[in-house]
Amino acid sequence: MIAHVPRRVWSGTGLLVLGRLFGSACTLATLFLLAQRLAGDGFGRFTFYLALFMVLDSFVDLGTGQVLVQRTADDPQAVAPMLGAARRIRLATGVIGVLAVGSGAFLAGEPGAVWILVASLYPLTHVLELSTIVFKNRIAWAKPVVVRAVASGASLAFVVAFLAAGVRAPELFLVAIAMGSAIGNLLLHLASRSHLPRRVGPVAPLRPFLRNALPIGLAGLCQQTYFYIDNLFVRGIEGATAVGHYNVAVRIMSFGIMVAVFAPLAALPWLTREHAAGRLGVAAARLAQPLFALAGLALGLLWGFCEPLLALFGAGFAAAGDTLRWLLLACLAVYVGATFLTAVVASGRARGVLGVAAAGLAVNLIGNSALVPRMGIEGAAAATLATEIAVVLGAAMVLARVGAHPLRSRPWAWLGGPALFLLGATVSSALSAS
């Protein structure tokens, strides 16, 4: 039987992308406003800690979200005890994360370290976000998307209010962002609470849950680390101002990978069921191939307009044009790698996920060490491309070991991504030159 992607996966992906488009638009608006009003090094420090908080989010999650879906997608009765275990783990990781970031800011002698510590408290509210399992398992994303949009709007509103009040300290804008995120997690819990089953017994044993979650959590931490560790290299070698220029390009990249991230997220319950039916390889291919082709065309059409797009953020940002081009190529690889890696999660090969992510982190560290001193921020972007290619190859190898071969399913369809990318790049280059 051919594995067709359910409509709920596509509709869920569409809702998630719309919500993230709004959220990313709010983030870009924040970056635009602060790029005009903060000094170059201050803006760079703001984006540096914004990236660090993304890594902190991944640490606090530690795989609990994905394992919760994996353990309850086919067993609704397991939701209550598994949710209790996941919440306890997140509370512990949240406390550890706050202590690490807060103490690190003080030890590094960062200006406004107290406010950085205050901002780092918001991941504790990720305990509440776990309640959305009731929507994830039904692939019903409308309410979570609306709430996330409200949270993004709140963060932007706080930033605008702080600017209107005359605030110019970068770390206080981190607090503004954190306030919106915390409000969002609280609202997500309130929206989910009435749908949650009551727990009548004890929570699930923590050790088995953590044993399953830890490899996936460490893999997620590796992924976030290799996506943002380049900030350390760029800040240390090129300076804080270059970090600001680089992170604007990365934020534009984040627009490009939205569908790549959210389609597999929405499809995880379906991919888990397809794995049980012995159709995981075909299912992963059916999900990734059309997305890969459409992404190729869209990303190619941006190729010729990188400098004008970056120049909107102010003087000096257009110099990151070639950096953004490297990141566009990395985006294209993500459209395959994200689906393949989620398919590995669906297969239950948690150690395989960790192995692929750890290999990606190693490639990224080696790439940044070798390329940033020679190429600056372009070197960091090139290292990102090498990392995403390594993830594609590594995930494909793990899937092959479990008998799932997505690259063998309609192999001609995999040519759509590069072919349409070349077409789009040719058209956009001609238009930008005219």
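The following legends describe an overall view and several close-up views of a predicted protein model.

**Figure 1. Overall view of the predicted model.** The protein is built from 19 helices and has zero strands. Its C-alpha atoms fill a box of roughly 55 × 50 × 35 Å, taken along the principal axes. A compact globule of 434 residues would have a radius of gyration near 22 Å, and the value for this protein, 21 Å, agrees with that expectation. Of the 434 residues, 56% count as buried. Among contacts in the protein with a separation of 6 or more, 84% join residues that are 24 or more positions apart. The protein exposes about 17700 Å², and carbon and sulfur atoms supply 68% of this area.

**Figure 2. Close-up of the largest pocket.** This pocket has a volume of about 280 Å³. Its lining consists of 15 residues, and those nearest the centre are A51, L52, V55, L56 and L232. Two or more lining residues come from each of the helices α2 (40–61), α4 (79–107), α10 (206–228) and α11 (230–237). The largest share, six residues, is given by α2. What is the chemical character of the residues of this lining, nonpolar, polar or charged? The lining residues divide into 12 nonpolar and three polar, with no charged residue.

**Figure 3. Close-up of the second largest pocket.** About 150 Å³ of space lies in this pocket. The residues that line the second largest pocket include I252, M253, F255 and G256, together with L294, A295, A298, L299 and L302. L328 and Y335 also belong to this lining. The elements that give two or more residues to the lining are α12 (240–256), α14 (280–302) and α16 (321–346). Which helix provides the largest share of the lining of the second largest pocket? Helix α14 does, with five residues. Ten of the lining residues are not listed as charged or polar: the division is 10 nonpolar, one polar and no charged.

**Figure 4. Close-up of the second largest cavity.** The model has two cavities of 30 Å³ or more. The second largest cavity has a volume of about 50 Å³. It is lined by L31, T47, L50, A51, Y228, N247, V250 and R251. Helices α2 and α12 each supply at least two residues of this lining. By character, the lining of the second largest cavity divides into five nonpolar residues, two polar residues and one charged residue. A51 appears in this lining, and A51 is also among the residues nearest the centre of the largest pocket.

**Figure 5. Close-up of two loop residues with positive phi.** Most residues other than glycine have a negative phi. L62 is not a glycine, yet its phi is positive, at about 50°. This residue lies in the loop between α2 and α3 (64–72). R410 is likewise a residue other than glycine with a positive phi, near 45°. R410 lies in the loop between α18 (377–401) and α19 (416–433). Is each of these residues buried, partly exposed or exposed? L62 has a relative accessible area of 8%, under the 20% cut-off, and therefore counts as buried. R410 has a relative accessibility of 30%, between the cut-offs of 20% and 50%, so it counts as partly exposed.

**Figure 6. Close-up of P197 and its contacts.** P197 is placed in the loop between α9 (170–193) and α10. With a relative accessibility of 38%, P197 counts as partly exposed. Which residues does P197 contact, leaving aside its neighbours within four places in sequence? The contacts of P197 are with V79 and A80. P197 and V79 are 118 residues apart along the chain, and their C-alpha atoms are separated by 7.3 Å.

**Figure 7. Close-up of L361 in helix α17.** L361 is placed in helix α17, which comprises residues 350–375. Its relative accessible area is 17%, under the cut-off of 20%, and L361 is therefore buried. Not counting residues up to four places away in sequence, L361 touches C222, T225 and Y226. L361 and T387 are 26 residues apart in sequence, and the distance between them in space is 7.2 Å, C-alpha to C-alpha.

How values were computed:
Residues numbered from 1 in each chain as written. Predicted model: local features only at pLDDT ≥ 70, side-chain atom pairs only at ≥ 80, totals over all residues. Heavy atoms only, no water. 1 Å grid on protein atoms, 1.4 Å probe; cavity = no way out; pocket = protein on both sides within 12 Å on 5 of 7 lines; lining within 4 Å. Points joined across faces, edges and corners; volume = space filled by probe spheres on them. Helix = DSSP H or I, 4+ residues; strand = E, 2+ residues; numbered from the N terminus. Nonpolar A, V, L, I, M, F, W, Y, C, P; charged D, E, K, R; others polar. Rg over C-alpha atoms; globule rule 2.2 N^0.38 Å. Buried < 20%, exposed > 50% of the residue type's maximum accessible area, 1.4 Å probe, protein only. Contact = heavy atoms within 4.5 Å. Areas by Shrake-Rupley, 256 points an atom, 1.4 Å probe, with all protein chains shown as cover.
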